[in-house]
Amino acid sequence: MGDQKIYRASTTAPVNIAVIKYWGKRDPSLNLPTNSSLSVTLSQSDLRTHTTASCSSTFEGPDSLLLNNAPQSLSTPRSLACLKSLRALRSELEDADTSLPKLSTYPLRLASTNNFPTAAGLASSAAGFAALVRAIADLYELQQSPTELSLIARQGSGSACRSLLGGYVAWDHGSREDGLDSRARLVAPKSHWPDMKALILVVSAAKKGVSSTAGMQTTVQTSSLFQTRAKEVVPKRMAEMEKAIKARDFETFAKVTMRESNSFHATCLDTDPPIFYLNDVSRAAIKAVEEMNEKVGRTIAAYTFDAGPNAVIYYQEPDEDAVLKTFLPILRQKEGWGRIETKIDGPGPASSQVVEALEAGVSRVILTSVGEGPISVQEHLIDDKGKPVGT
Ligand code: DP6
């Protein structure tokens, strides 16, 4: 009888939020970006994708994926590209050692769950593709480094390549046509600057906006601001940001982060037709951060926004009280904060107009911090018979 075994490996992978934004592709099929980008990996205690990869000669094809128990397609060009690259690496191992089971030829069954709402616009595709790649790489016992695996995750979703590493991560745009130099690189581990915290204001969007993939293509084709941004603005800011992270210089980190977010959203507005990701609630969050920095007399917090209205506010642990005090009315209303408020020392809540807008438009607040890269776990979402757990 042949190999009847069910092979399994599970991992969790983090979300990352860019402080230098990826926006624009020089090669859409390989997902090669026009400019480099840089992000902070966020803690998996608050935001993570958990994925189990399993394979067996006893499974009937085709490959399948369940996300939060709902079947998802794996036949998109992006998913196919990831699976093909991972199988090619496994098959190299099998060719070199013929005693290895031929996992590369077995159908795959994948199961994933997110510990946050997938539709909230919180970089779920980044965590999702990073977890998929890491879990299959573990299943196949691949020896490639996270940076080498980032080349594969990049083909799933550009920003996913940065979620293969923890801490502070750059994605170098690279110049090769085959994309082999367009990959994630560790700028600094979490331990270098563990004080970095993030407060996320999840803003309820009335309808889903333009997807990043579609939006950035239109920007590349129509925005004149975009050219200067990619050629001049971002390269300068990448250097400034790396230096600020190495020196743990929050003031510079914050200023570059905010200007970067604004520059990215300006190119969105300069796109034809214009793309609006920020709404009145996002603008109230910007105002709250501006007011707080002004009141404290230092830049203690920085806002940034991706392709949606959610605000991510970076700050350092020692300044937590000031930040929490600013957003206290929202924390009380959305997260049920009560008595703890009296113990918080800070500049006082944001102005009433700002608070009103946030109270009306924020659906949830997440308090998190810089975190580690993917983690192997023994909790499997597919049981030893190959069935999804809980079905
Ligand atoms: C605004 O990685 O979602 O979040 O490569 O087409 O999947 P695709 O795009 P995606 O774009 C992310 C854009 C961004 C900025 C960033 O994360 O750097």
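Here are some friendly notes on this predicted model, arranged as numbered points.

1. **Two domains.** The domain assignment splits the chain into domain 1, made of 7-189 together with 373-377, and domain 2, which covers 196-369. Taken over C-alpha atoms, the centres of domain 1 and domain 2 are 27 Å apart. Across the boundary, 25 residues of domain 1 are in contact with 30 residues of domain 2.

2. **What domain 1 brings to that boundary.** Four strands each supply at least two residues of the side of domain 1 that touches domain 2: β2 (16-20), β5 (37-41), β10 (168-171) and β11 (184-188). With three residues, β2 gives the most to this side. Sorted by class, the side of domain 1 that touches domain 2 holds 16 nonpolar, six polar and three charged residues.

3. **The ligand.** If you plan to look at the ligand, start with its shell. The ligand is surrounded by 14 residues, and the closest are Ala18, Tyr22, Ser157, Gly158 and Ser159. The residues of this shell divide into eight polar, four nonpolar and two charged. Where does the ligand lie with respect to domain 1 and domain 2? Both domain 1 (7-189 + 373-377) and domain 2 (196-369) give residues to the shell, so the ligand lies between them.

4. **The sheet with β2, β5, β10 and β11.** These strands form an open sheet of four, in the order β2-β5-β10-β11, and the pairing is antiparallel. The edge strands, β2 and β11, each pair on one side only. Direction ignored, neighbouring strands of this sheet are turned by 35° against each other on average. Inside the sheet, β5 and β10 run antiparallel and are joined by four bridges. For a pair to click on, take serine 39, whose bridge partner in β10 is valine 169. Helix α5 (residues 225-246) packs on the sheet and touches β2, β5, β10 and β11, with its direction at about 115° to that of β2.

5. **Helices α1 and α3.** Two packed helices are described by the angle between their axes and the distance between the axes. Helix α1 (residues 77-96) packs with helix α3 (residues 146-156) at an angle of about 160°, and the axes are 7 Å apart. The two helices α1 and α3 are therefore roughly antiparallel to each other. On the α1 side the contact is made by Arg78, Ser79, Ala81, Cys82, Ser85 and Leu86, and on the α3 side by Ile152, Gln155 and Gly156. By class, the contact of α1 with α3 has four nonpolar, four polar and one charged residue.

6. **Strand β7 and its two partners.** Strand β7 (residues 64-67) runs parallel to strand β9 (residues 108-114), and four bridges join them. With strand β8 (residues 70-72), β7 pairs in the antiparallel sense over three bridges. Leucine 66 is a handy residue for seeing both pairings: its bridge partner in β9 is alanine 111, and in β8 it stands opposite proline 71.

7. **The sheet with β12 to β15.** A second group of four strands forms an open sheet with antiparallel pairing, in the order β13-β14-β12-β15. At the edges stand β13 (301-304) and β15 (362-369), each with a single partner strand, so one side of each is left without a neighbour in the sheet. The average turn between neighbouring strands of this sheet is 20°, direction ignored. Four bridges link β13 with strand β14 (residues 311-316) in the antiparallel sense, and alanine 302 stands opposite tyrosine 314 in β14. Helix α7 (residues 280-296) lies across β12 (196-203), β13, β14 and β15, and runs at about 165° to β13.

8. **Backbone spots to check.** Most residues other than glycine have a negative phi, and most peptide bonds are trans. Which peptide bonds are cis? One joins glycine 61 and proline 62, with omega about -10°; proline 62 is found in the loop between β6 (48-55) and β7. Another runs from aspartate 272 to proline 273, with omega near -5°, and proline 273 is found in the loop between α6 (250-269) and α7. Asparagine 68 has a positive phi of about 45° although it is not a glycine. Asparagine 68 belongs to the hairpin of β7 and β8, which has two residues between the strands.

Notes
Residues are numbered from 1 along each chain as its sequence is written. This is a predicted model: local features need pLDDT of at least 70, side-chain atom pairs count only at pLDDT 80 or more; totals for chains, interfaces and linings use all residues. Domain bounds come from an automatic or database domain assignment. Two residues are in contact if their C-beta atoms, placed from the backbone, lie within 7 Å. Ala, Val, Leu, Ile, Met, Phe, Trp, Tyr, Cys and Pro count as nonpolar, Asp, Glu, Lys and Arg as charged, and the others, Gly among them, as polar. A residue is near a molecule or strand if its C-beta atom, placed from the backbone, lies within 6 Å of it. Two strands pair if DSSP finds at least two bridges between them. Axes are lines fitted to C-alpha atoms, for helices over the stretch in contact, and angles run from 0 to 180 degrees between N-to-C directions. Angles under 35 degrees count as roughly parallel, over 145 as roughly antiparallel, 65 to 115 as roughly perpendicular and the rest as oblique.
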